[in-house]
Structure formats: C-alpha cells, structure tokens
Amino acid sequence: MFGLEALDLARIQFAFTISFHILFPAITIGLASYLAVLEGLWLRTGNDTYRDLYHFWSKIFAVNFGMGVVSGLVMAYQFGTNWSRFSDFAGSVTGPLLTYEVLTAFFLEAGFLGVMLFGWNKVGRKLHFFATVMVAIGTLISTFWILASNSWMQTPQGFEIVNGQVIPTDWLAIVFNPSFPYRLMHMATAAFVATAFFVGSSAAWHLLRGKDNPAIRTMLSMAMWMALIVAPIQAVIGDFHGLNTLKHQPAKIAAIEGHWENVGNEATPLILFGWPDMKEEKTKYAVEIPYLGSLILTHSLDKQVPALKEFPPEDRPNSTIVFWSFRIMVGLGFLMIFTGLWSLWLRKRDTLYTSRPFLYLALWMGPSGLIAILAGWFTTEIGRQPWVVYGLMRTADASSNHSFMQMSITLIMFVVVYFALFGAGLGYMMRLVRKGPKTDEGKETNDGGPGQKRTPARPLSAADDDGAEHDRSLTKEI
C-alpha cells in the first residue's frame with residue numbers, strides 16, 4: 001500500500017510514538033527547573049507571587065510528568081517487539097544505559113515527586129525546596145542517560161563485535177562518545193527554551209484577555225529573560241554540534257545542505273531554499289549564497305563540504321526531509337532570538353506588558369520550541385539513515401520479522417489510542433493553563449508555606465475550582 005513495506009510502517013510507528021513522547025520530557029525538564037527557581041525566589045524574597053506561580057505550574061508539571069512516563073514505557077517495549085534484531089545486536093550497550101536512567105533518574109524523581117507535589121503543608125520549607133531541586137536534577141540525569149544511549153547509536157565507540165553482537169569494552173568511551181556532549185547540551189537547552197516560550201505564551205494569552213496582575217507579569221518577564229539569554233546560546237551550541245556532525249557523519253550534513261557535488265576547488269555555497277530530488281540527484285529551484293556554506297560549516301572561505309554524490313546511493317539519508325526539517329528548526333530559532341530582542345526593547349520602553357503586537361507574537365510562539373525540538377529530532381534520526389547504529393547496523397537489518405498486516409494494525413491502534421489518551425491529557429493541561437495562577441490579592445492571607453494552611457491542590461482538582469472555594473477545598477483534599 002502506497003509503496004510501503006513492513007519496515008516502513010515500523011519506522012513510522014516508532015517516529016509517531018517518539019514524537020508524542022519527546023514533547024512531555026522536554027516540558028518536564030524545563031518546568032522542573034522553573035519550579036525550583038520559583039520556590040527558591042519565594043524563600044529568598046518572601047514575595048507571594050513566586051509561591052502562587054509555583055502552585056500553578058506544579059499542577060501542569062504533574063500532568064505533563066504523568067503523560068511522559070506513560071508514553072516512555074511504550075518506547076521501551078518497542079525495542080523488543082518491533083526492533084528485536086537491534087536489541088540482540090546492541091542490547092548489551094543500550095540496555096544498561098537505559099537501566100542506569102531508571103536507577104539514577106526515575107527513582108530519584110519518583111522518590112521526591114510526592115513530597116514536591118503533596119508535601120507543601122507536611123514538611124519544612126528547606127526540605128520541600130530540596131525535594132523540588134532533586135526532581136529538577138532527576139530530569140537532567142534522565143536526559144543524560146537517554147542522550148548517551150542515542151548518541152552512541154550516532155557515533156559508536158568503546159566496543160568490539162563478537163559473534164555478531166556488540167560487546168562493551170570501555171563504558172566511559174561508550175557514554176562519552178564523540179557526539180554526546182554536544183547533543184546533551186543541545187537537547188537540555190532546547191527544553192529550557194521550549195518551556196520559556198510555553199510559559200511566555202501562557203502569560204501573553206492572559207494579558208491579551210485583560211487579566212493583568214503581578215503573577216502574569218512575572219511569568220512573561222521570566223520567560224522573555226530566558227528567551228533573550230538562552231536562545232542565542234542555543235544557536236552557538238548548534239554551530240558546535242554541526243561541526244561535530246560534519247566530522248563524524250558527513251553524509252548527514254550533505255543531506256541537510258542539499259549539497260550534491262563540489263565543482264572544482266570552488267567553495268561550497270549555502271542553499272537557503274530548494275527541493276532536493278533524490279532520484280534526479282540535484283536540488284531543484286535552489287536559492288544559493290556563494291561561499292556561505294563553507295564559512296558556516298568549515299569556518300573558512302575555501303574549504304569544501306562533502307557532497308552527497310561522494311557516498312553510494314544506498315548510504316545517503318533522505319535529503320528531501322532533513323533539508324526542510326533542519327530549516328524549520330533554524331527558522332524558529334531565529335524567531336526565538338528576535339522575540340527575545342524585541343522583549344528587551346519593549347522592556348526598556350516600559351511597554352512589555354501592553355504591546356499587543358508583541359503579545360500576539362509571544363502567544364503564537366508558544367509551541368515554537370516544541371516544534372523546533374521535533375524538527376531537530378527528525379533531522380538527527382532521519383539523517384542517520386540508512387543506519388540504526390551508524391556504520392555498524394542498517395535499519396533494514398534491525399527490525400523484527402513482522403508482516404505488513406501486523407504492522408498496519410498496530411500502527412492504526414497506536415494512532416487512535418494516542419490521539420484519544422494524550423489528546424485528552426493535553427486538552428486538560430491547556431485547560432489548567434487557561435485558568436491562570438491563583439492569587440490572593442485584596443484579601444487576608446496566611447504565610448502559605450510548608451506547614452501552613454494554604455496548600456496546592458491535586459492536579460486533577462485544579463481545573464474547576466476558584467476563589468475562596470478553591471482554598472477551602474484544598475484542606476479537604478490534602
């Protein structure tokens with residue numbers, strides 16, 4: 001059907017499930033650190049605005065964390081069901097790395113998550129803050145091990161092959177493989193940027209609807225400071241990541257650039273736009289800037305970038321897809337930098353919270369970080385093809401022996417279940433965002449800290465309560 005085979009459906013299924021999954025850890029990583037900062041600022045300043053924001057975003061964090069755990073379990077099972085040959089070949093490396101993630105990160109997060117979400121009135125301030133920090137650290141440790149595993153598949157080292165199986169010989173070399181540091185920094189920073197624009201978009205939505213209070217303004221202010229500082233840093237990290245990829249996966253870079261062949265000793269141009277045609281082996285309708293490709297990728301004006309025709313056709317990634325997925329990621333990155341700079345200009349003019357054109361831009365930029373993450377992962381994973389472990393095992397040799405009918409049925413089931421389950425979860429999470437943070441302006445409040453009366457509600461009770469009824473219901477629920 002449509003020229004697809006069982007292998008193609010297995011790849012589509014994995015891409016579909018991981019695309020859903022990656023959205024939740026990305027926001028979880030950013031929100032966990034954001035919550036730690038909010039609680040730290042509240043403890044230091046005593047400003048109840050930070051406390052109110054902590055309660056608000058902790059509910060969204062809890063829902064997001066739960067969906068991330070559920071979707072992550074599916075990913076682990078797929079290695080055994082759809083990619084059993086890969087598991088047999090490289091499981092001695094990827095298996096322990098994922099186990100380390102569970103033992104060090106997931107247990108840490110799970111151990112302190114209950115204290116963080118439900119211990120506000122049961123433990124002291126310092127212990128509660130410690131729990132929040134531990135959850136934030138746990139999300140970063142989880143990122144460490146997941147990226148170590150995936151990066152090893154991109155740039156494998158520290159092993160030998162015995163009887164057709166990978167045998168680890170140097171775990172430090174496996175974990176700290178050549179692409180790992182760059183990919184870890186790139187992903188962690190992307191999570192922070194994505195969360196910043198998610199938070200900023202939420203604040204912009206409320207301001208555009210006339211809900212203007214210190215909590216909403218603080219949300220927008222903190223989000224835009226993060227965008228201003230971190231988005232340019234991400235661009236620099238991306239440049240280093242690109243140089244590393246050029247060294248270890250030159251075919252991927254050639255596909256990203258839509259660069260088919262070098263002409264004599266001429267420098268490589270940068271193709272801004274075009275349509276790479278895999279059959280005709282050329283990029284149609286190309287809009288080029290001379291020398292710029294060499295300048296960006298080699299930091300010189302005379303060195304050439306490897307071209308796709310230098311690699312056998314069977315070893316070339318699909319340039320049509322990665323060419324555009326990369327440009328979506330980069331284009332959104334420039335928009336993020338522009339948004340941060342615009343916010344700085346408005347801040348100096350004291351119109352950050354009242355400029356409607358800017359607020360509309362911030363609103364529409366809400367999903368930009370997540371879209372950029374998806375585009376980046378598409379570029380990375382499709383650009384690695386036709387290899388599942390680069391240079392060692394082809395994707396076609398890694399899949400289980402399932403029929404086209406079996407893969408069709410499971411793919412349809414995944415699509416239906418995921419859109420129903422996670423669609424409802426995302427809808428509920430956005431409902432929480434629309435409610436906005438609860439504040440106690442204009443009425444007498446207590447200290448609101450751990451051990452006091454004011455406590456955060458359970459995430460699933462947060463969408464329908466407000467005002468005084470909210471505060472009264474919290475004590476009953478907790």
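Reader: Why are α1 and α13 called roughly parallel to each other?

Author: Angles under 35 degrees count as roughly parallel, and these two axes cross at roughly 15°, so α1 and α13 earn that label. Axes here are lines fitted to C-alpha atoms over the stretch in contact, with angles from 0 to 180 degrees between N-to-C directions. Their axes also come within 9 Å. By the way, this is a predicted model, where local features need pLDDT of at least 70, side-chain atom pairs count only at pLDDT 80 or more, and totals for chains, interfaces and linings use all residues. Residues are numbered from 1 along each chain as its sequence is written, and side-chain values use heavy atoms, leaving out hydrogens and water.

Reader: How do you know which residues of α1 and α13 meet?

Author: Contact means heavy atoms within 4.5 Å. On that count, residues including Phe16 and Phe20 in α1 meet a group in α13 that includes Phe414 and Tyr418.

Reader: What makes β3 and β4 a pair?

Author: Two strands pair if DSSP finds at least two bridges between them. β3 (residues 270-277) and β4 (residues 282-289) have six, in the antiparallel sense, so they pass. Phe273 stands opposite Val287 in β4.

Reader: What makes a set of residues a nonpolar core?

Author: Its members are buried Ala, Val, Leu, Ile, Met, Phe, Trp, Tyr and Cys residues joined through side-chain atoms within 4.5 Å, where buried means under 20% relative accessible area (1.4 Å probe, protein chains only). The largest one has 54 residues, and Trp57, Ile60, Phe61 and Met219 touch the most other members. α2 gives the most to this core, 12 residues.

Terms used. Buried < 20%, exposed > 50% of the residue type's maximum accessible area, 1.4 Å probe, protein only. Helix = DSSP H or I, 4+ residues; strand = E, 2+ residues; numbered from the N terminus. Parallel < 35°, antiparallel > 145°, perpendicular 65-115°, else oblique.
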